[in-house]
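Dear colleague,

Please find below the structure that I am handing over to you, with its sequence. A summary of what was found in it follows.

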Amino acid sequence: MTPIRIRTGRTTAVRFVSAVAVVLVSGLAAVLNPPAAAADAGPWPDAKEPSVASLPPDYWHQPLAAQGEAPQEWSELERSLAPEACGQCHDDKYEQWRTSLHAQAFSPGLVGQLLTYDAAQTASCMECHAPLAEQKQAFEAARARGQAHQPAAQGLAAAGNSCAGCHLRRYRRYGPPERETGATGQSDPGTAHGGVFRSPDFEASEFCAACHQHDPAYAINGKPLENTVVEWRASPQAAQGITCQGCHMPERKHLWRGIHDPDMVARGLSARFHAGREAARFDLTNSGVGHAFPTYITPKVVMRAVALDASGAPRPGTAVSRVIQRTVGVRGGRWVEFSDTRLLPGETASLTLPWQGAERIRMWLDVYPDDYYDEQVYDALLAQLPAQGAPARLIAAADARARASRYRLFETELTRPD
Ligand code: HEC
Ligand code: HEC
Ligand code: HEC
Ligand code: HEC
Ligand code: HEC
């Protein structure tokens with residue numbers, strides 16, 4: 001496999017875990033972390049134009065630099081980093097983004113933990129959940145006022161993974177090649193917000209790597225916790241030129257549907273059911289997910305089957321299941337992998353259940369998008385945190401939300417052939 005070029009100076013691989021493990025891993029990360037990149041040529045608009053329309057090499061070097069000063073002549077609206085301001089002129093993108101998990105990345109489950117962290121640990125989590133320097137400042141300012149737990153007091157931080165985090169550096173707008181013409185490079189600086197610098201790098205899967213691919217140095221049994229870009233590179237979809245954006249931003253829509261969306265998940269899979277003489281069979285194929293299904297350790301997916309009695313009720317003792325999930329944990333101070341039954345692109349998992357005298361068998365797929373948080377992280381945190389405090393209240397809300405995200409797909413009843 002070709003080694004991946006990681007564009008970030010990221011310092012963490014540290015989540016999904018108890019406070020103890022977080023400290024452990026971030027300590028390790030500090031040792032492994034490459035030095036921060038040197039600042040680029042200088043503040044826009046004086047910076048030299050690159051000859052190819054590439055993004056600046058430090059575009060995703062974390063921590064992101066502050067934007068600095070916006071040009072004097074800009075309106076209040078052009079200066080604003082708030083997604084609502086972008087939405088005044090890009091309302092379609094804003095309305096789509098608002099419904100996405102990127103917009104909800106500054107969530108109760110995150111903030112409940114940040115309240116117990118120092119500023120440095122907080123900043124490392126915010127690199128992916130609210131990446132702008134101005135968002136970190138806004139959150140620390142709220143903390144200094146004792147209001148960090150209130151979304152209304154968090155200012156720009158509450159916007160999560162928002163427009164400016166992906167599109168602005170030093171107040172300069174960056175975006176993909178122009179839709180109609182394919183034009184790249186700097187557009188007319190006389191238009192709104194000084195125009196835009198258009199780069200094909202926005203259309204590449206590597207654009208998403210900053211937050212969806214860890215450095216291979218963090219591998220556990222050969223695979224880092226986030227390995228999505230590497231998985232994608234080995235997929236048939238990558239060979240056909242289908243990128244992350246192709247599946248998650250069709251027609252450049254800012255929706256980013258994933259494991260939390262039943263329709264998206266159903267589109268990525270093929271479920272086939274077969275009523276044989278001896279047994280019923282359920283085959284599930286990863287036919288349209290351009291990476292492992294699922295790509296993260298956080299979801300759990302379970303194929304299930306049960307025989308039914310004459311009234312259609314499940315017959316006791318007949319239920320069988322097959323779990324599709326990667327499980328990891330910390331043992332003796334080290335990360336270890338316990339199992340990995342995820343489906344790589346093209347792979348199939350099967351579940352069979354003999355009739356055992358029954359006439360009918362029910363088969364289906366259960367999806368638990370937030371299983372790891374639900375089962376491991378939040379319960380452990382709630383056991384540690386003082387019950388009445390703001391962190392515990394936020395984590396309890398996150399726990400309820402994680403549990404509510406479960407759903408069922410492909411439910412089918414098979415009848416025994418004569
Ligand atoms: C006052 C209206 C206005 C506001 C506010 C505004 N934009 Fe724009 N934006 C425009 C216009 C007009 C263009 C087209 C510029 C061009 O073609 O040179 C544009 C172009 C863009 C493009 C390139 C789109 C394309 O067609 O290729 C991106 C990306 C972009 N803006 C992002 C943002 C972001 C992010 C914000 C908020 C931080 C923002 N804009 C706020 C008016 C606005
Ligand atoms: C490298 C990028 C990255 C960093 C750094 C990061 N996260 Fe996340 N986080 C993600 C992604 C991607 C998801 C969604 C997929 C998943 O659940 O794994 C996520 C999901 C979560 C969730 C569950 C969804 C939600 O918002 O409720 C929580 C809670 C969370 N992260 C907390 C943290 C904490 C605490 C830290 C710092 C210790 C942290 N994250 C650092 C990328 C990151
Ligand atoms: C997670 C990163 C990310 C966030 C957050 C984000 N964008 Fe984008 N945006 C992209 C990418 C990537 C593309 C190019 C997609 C492609 O070419 O398939 C894009 C394209 C665009 C375009 C050009 C669309 C076109 O039709 O040609 C505009 C305008 C834009 N974004 C505005 C916004 C606004 C406004 C917000 C916030 C409401 C926002 N973006 C949030 C990554 C992001
Ligand atoms: C061929 C289409 C396709 C491509 C290409 C693709 N995805 Fe996905 N992705 C899906 C589908 C379908 C799902 C829902 C099933 C699932 O969760 O695996 C999904 C789920 C996800 C999830 C949800 C979390 C999880 O554990 O599965 C994330 C995050 C994600 N994709 C990121 C990416 C990134 C980043 C890339 C590019 C490196 C990418 N995807 C490429 C189709 C695609
Ligand atoms: C600045 C960091 C960042 C960048 C850049 C980024 N993401 Fe994300 N993404 C996140 C975080 C954090 C979450 C989880 C939000 C949450 O639930 O708290 C997420 C969630 C998602 C999900 C939803 C997963 C689910 O559980 O259903 C998809 C799909 C996704 N991202 C795809 C992409 C794609 C495609 C790109 C590139 C165009 C991209 N992301 C760029 C940070 C990022």
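In what follows, a residue is counted as near a ligand if its C-beta atom, placed from the backbone, lies within 6 Å of that ligand. The model is a predicted one, and the remarks below should be read with that in mind.

Ligand 1

By this criterion, 24 residues surround ligand 1, and the closest of them are Cys-86, Cys-89, Gly-175, Ser-187 and Ala-192. Two or more residues of this shell come from each of α2 (76-79), α3 (83-89), α8 (163-167) and β2 (172-175). Helix α3 gives the largest share, 4 residues. Sorted by class, the shell around ligand 1 holds 10 nonpolar, 8 polar and 6 charged residues.

Ligand 3

Ligand 3 is surrounded by 24 residues, with Cys-86, Cys-163, Cys-166, Pro-176 and Gln-245 as the closest. The elements that contribute two or more residues to this shell are α3, α4 (91-98) and α8. Here the largest share, 4 residues, is that of α8. The shell around ligand 3 divides into 10 nonpolar, 10 polar and 4 charged residues. Cys-86 is thus listed among the closest residues to ligand 1 and among those closest to ligand 3.

The fold and its cores

The protein contains 15 helices and 13 strands. Of its 418 residues, 35% count as buried. Among contacts between residues at least 6 apart in sequence, 65% join residues that are at least 24 apart.

Which residues touch the most other members of the largest nonpolar core? In this core of 37 residues, they are Phe-106, Ala-130, Leu-132, Leu-156, Ala-157, Tyr-378 and Ile-395. At least two residues of the core are supplied by each of α5 (108-114), α6 (119-129), α7 (133-144), α8, α14 (371-384) and α15 (390-404). The largest share, 5 residues, comes from α14. Because domain 1 (19-204) and domain 2 (262-415) both give residues to this core, it lies between them.

Tyr-378 shows some of the contacts in detail: leaving out residues up to four places away in sequence, Tyr-378 touches Tyr-373, Ile-395, Ala-398, Asp-399 and Ala-402. Another core, of 22 residues, lies apart from the largest one, and its members include Val-265, Ala-280, Phe-282 and Ala-305.

Individual residues

Several positions in loops may deserve your attention when you view the model.

Trp-355 sits in the loop between β11 (348-354) and β12 (360-368). Is this residue buried or partly exposed? Trp-355 has 19 other C-beta atoms within 10 Å, and a residue needs 20 or more to be buried, so Trp-355 is partly exposed. Apart from neighbours within four places in sequence, Trp-355 is in contact with Ala-279 and Arg-416. Trp-355 and Gly-276 are 79 residues apart in sequence, while their C-alpha atoms are 9.2 Å apart in space.

Two cis peptide bonds should also be mentioned. One joins Gln-62 and Pro-63, with omega at about -5°; Pro-63 belongs to the loop between α1 (19-32) and α2. Another runs from Phe-293 to Pro-294, with omega near -15°, and Pro-294 is placed in the loop between β6 (279-286) and β7 (300-308).

The loop between α12 (244-248) and α13 (262-268) holds Arg-252, and Trp-256 is also located between α12 and α13. Arg-252 is not a glycine, yet has a positive phi of about 65°. Trp-256, likewise not a glycine, has a positive phi of about 45°. Their surroundings are as follows: Arg-252 has 14 other C-beta atoms within 10 Å and is therefore partly exposed, whereas Trp-256 counts as buried because it has 22 C-beta neighbours inside 10 Å.

Confidence

The mean pLDDT of the protein is 90, and 88% of the residues reach 70 or more. Over residues 1-48, however, pLDDT stays under 50, although the model has 76 contacts beyond four places in sequence for this stretch. Where pLDDT is low, the predicted coordinates should not be read in detail.

With kind regards

Terms used:
Residues numbered from 1 in each chain as written. Chains lettered and ligands numbered in written order. Predicted model: local features only at pLDDT ≥ 70, side-chain atom pairs only at ≥ 80, totals over all residues. Nonpolar A, V, L, I, M, F, W, Y, C, P; charged D, E, K, R; others polar. Core = buried A, V, L, I, M, F, W, Y, C linked by C-beta atoms within 7 Å. Buried ≥ 20, exposed ≤ 12 C-beta atoms within 10 Å, placed from the backbone. Domains from an automatic or database assignment. Contact = placed C-beta atoms within 7 Å. pLDDT = per-residue confidence, 0-100.
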